[in-house]
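Biologist: Please take a close look at one single part of this model. I should like a connected account of that part and of its surroundings.

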Amino acid sequence: MMKEKAVSHAQFLGVDFEVVYVPGVFETPLATKVLLERDDIDAVAVIGAVIKGETDHDQVVAHQAARKLLDLSLEYNKPVALGIIGPNATREQATERIEEYARRAVEAAVKMVRRLNNIKE
């Protein structure tokens with residue numbers, strides 16, 4: 001459902017986009033890096049959810065992924081928008097936030113590309 005909301009919002013904004021699937025949030029930095037290396041990619045909006053389990057594993061996954069995604073944005077000088085729900089989110093909380101996080105991530109990526117282009121000009 002989150003992907004559908006993100007795609008819908010990207011279409012509403014009139015931007016070209018590509019959908020890439022990865023097994024989980026922990027794998028998003030590598031896929032993001034490969035995308036950022038491409039000349040035809042201006043930004044990446046990362047969406048997903050890290051659901052709270054019985055241990056603190058969700059904390060580690062979410063924090064490490066977020067940190068590396070920020071590092072990649074700075075390394076490649078391209079926006080990487082964080083639309084990852086969690087850590088410490090229940091399935092119910094994640095479901096309630098699907099539309100908001102997907103829409104905000106796409107919106108942030110598009111706005112940053114436009115604003116960076118204005119700064120460069």
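Modeller: In helix H4, the buried residues are Ala-94, Ile-98, Tyr-101, Ala-102, Ala-105, Val-106, Ala-109, Val-110 and Val-113. Here buried means under 20% relative accessible area, exposed over 50%, and partly exposed in between, with a 1.4 Å probe and protein chains only. Helices (H or I, at least four residues) and strands (E, at least two) are DSSP runs numbered from the N terminus, while residues are counted from 1 along each chain as its sequence is written. The model is predicted, so local features need pLDDT of at least 70 and side-chain atom pairs pLDDT 80 or more, whereas totals for chains, interfaces and linings use all residues; side-chain values use heavy atoms, without hydrogens or water.

An α-helix has 3.6 residues a turn, so residues three or four places apart point the same way. The buried residues of H4 pack against helix H1 (2-13), E1 and E2, where contact means heavy atoms within 4.5 Å.

H4 covers residues 91-120, and its 30 residues should span 44 Å at 1.5 Å a residue (1.5 Å times one less than the number of residues). The C-alpha atoms at its ends lie 42 Å apart, which agrees. At Arg-97, H4 bends by about 55 degrees, the angle between axes fitted to the seven residues ending there and the seven starting there.

Turning to the surroundings, Val-25, Val-44, Val-46, Val-50 and Ile-84 have the most contacts inside the largest nonpolar core, which has 14 residues. Such a core is a set of buried Ala, Val, Leu, Ile, Met, Phe, Trp, Tyr and Cys residues joined through side-chain atoms within 4.5 Å. Helix H2 (28-36), strand E1 (44-51), helix H3 (57-76) and strand E2 (80-89) each supply at least two residues of this largest core. Another core, of 12 residues, lies apart from the largest one and includes Leu-13, Ala-89, Ala-94 and Tyr-101.
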